[in-house]
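Let's walk through this structure together, moving from single residues to the groups they belong to. Keep the 3D view open as you read.

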Amino acid sequence: MFTDPISDYLTRIRNASRAGHRVVEIPASNLKKEITKILFDQGYILSYKFEEDKVQGTIKIALKYDKQTKEPVIKKIQRISKPGLRKYAGHEELPRVLNGLGIAIVSTSHGVMTSKQAKAENVGGEVLCYVY
């Protein structure tokens with residue numbers, strides 16, 4: 001049993017992209033579904049599919065690669081707030097990843113969103129991960 005499902009989610013994506021896999025399958029949860037939607041909207045993954053079964057369901061994610069170099073689009077995906085040390089930021093202290101080239105995914109009282117969206121809505125929250 002793993003204690004941090006978000007770290008497991010990010011690690012599965014990281015390992016699959018480094019190994020050159022086209023599709024990765026991950027156990028589903030509502031938070032993971034929201035993170036997947038953000039990754040798709042920001043252009044880091046090609047597509048996704050939520051499959052419901054009796055117990056938990058799964059998320060199938062088609063990873064995106066550069067057409068010329070065959071390099072994965074996700075260069076780095078890093079967990080920030082961990083179960084042992086939570087990282088929170090107000091709307092003024094929300095991080096900019098690589099001077100705006102990457103995204104920070106934040107869990108707020110208004111839902112899961114990027115740090116740019118959270119700044120626009122003037123809400124802070126828990127900084128889940130950085131993606132670039």
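**From a buried cysteine outward**

Leaving out residues up to four places away in sequence, C129 touches L10, Q78, R79, I80, I103, A104 and I105. Bear in mind as you look at these contacts that this is a predicted model. C129 sits in strand β8. Is C129 buried or exposed? Its relative accessibility is 0%, and because buried means under 20%, C129 counts as buried. You can also compare positions along the chain and in space: C129 and Y9 are 120 residues apart in sequence, while their C-alpha atoms are separated by 11 Å.

Now widen the view to the nonpolar cores. The largest one holds 25 residues, and those that touch the most other members are I13, L39, I61, I105 and V131. Two or more residues of this core come from each of α1 (5-19), β1 (23-27), α2 (30-41), β3 (58-63), β6 (103-108) and β8 (125-131). Among these elements, α1 gives the most, with 5 residues. As background, nonpolar side chains in soluble globular proteins tend to be buried together. For a closer look, pick I13: apart from its neighbours within four places in sequence, I13 is in contact with V24, I26, L39, I61, L63, I74 and I77.

There is also a second, separate core of 8 residues, including A89, V106, M113 and V123. Two of those names meet again in the strand pairing, where M113 in β7 is the bridge partner of V106. Strand β7 covers residues 111-114 and runs antiparallel to β6, with 4 bridges joining the two. Which kind of connection joins β6 to β7? It is a hairpin, passing through 2 residues.

Back to L63, one of the contacts of I13. L63 is found in strand β3 and is buried, with a relative accessible area of 4%. Not counting residues up to four places away in sequence, L63 touches I13, A16, S17, H21, R22, V24, I45 and L46. One of these partners, R22, lies 41 residues away along the chain, yet the C-alpha atoms of L63 and R22 are separated by 5.5 Å.

L63 and R22 also lead us to the last stop, since both appear in the lining of the largest pocket, together with V23, L46, A62, K64, Y65, D66, K67, K70 and V73. This pocket has a volume of about 160 Å³. What is the character of its lining? The residues divide into 6 nonpolar and 5 charged, with no polar ones.

How values were computed:
Residues are numbered from 1 along each chain as its sequence is written. This is a predicted model: local features need pLDDT of at least 70, side-chain atom pairs count only at pLDDT 80 or more; totals for chains, interfaces and linings use all residues. Side-chain values use heavy atoms; hydrogens and water are left out. On a 1 Å grid over the protein atoms alone, a cavity is a set of points where a 1.4 Å probe fits but cannot get out, and a pocket is an open set with protein on both sides within 12 Å along at least five of seven lines; lining residues have an atom within 4 Å of a point. Grid points are joined across faces, edges and corners, and a volume is the space filled by probe spheres set on the points. Ala, Val, Leu, Ile, Met, Phe, Trp, Tyr, Cys and Pro count as nonpolar, Asp, Glu, Lys and Arg as charged, and the others, Gly among them, as polar. A nonpolar core is a set of buried Ala, Val, Leu, Ile, Met, Phe, Trp, Tyr and Cys residues joined through side-chain atoms within 4.5 Å. Buried means under 20% relative accessible area, exposed over 50%, partly exposed in between (1.4 Å probe, protein chains only). Contact means heavy atoms within 4.5 Å. Two strands pair if DSSP finds at least two bridges between them.
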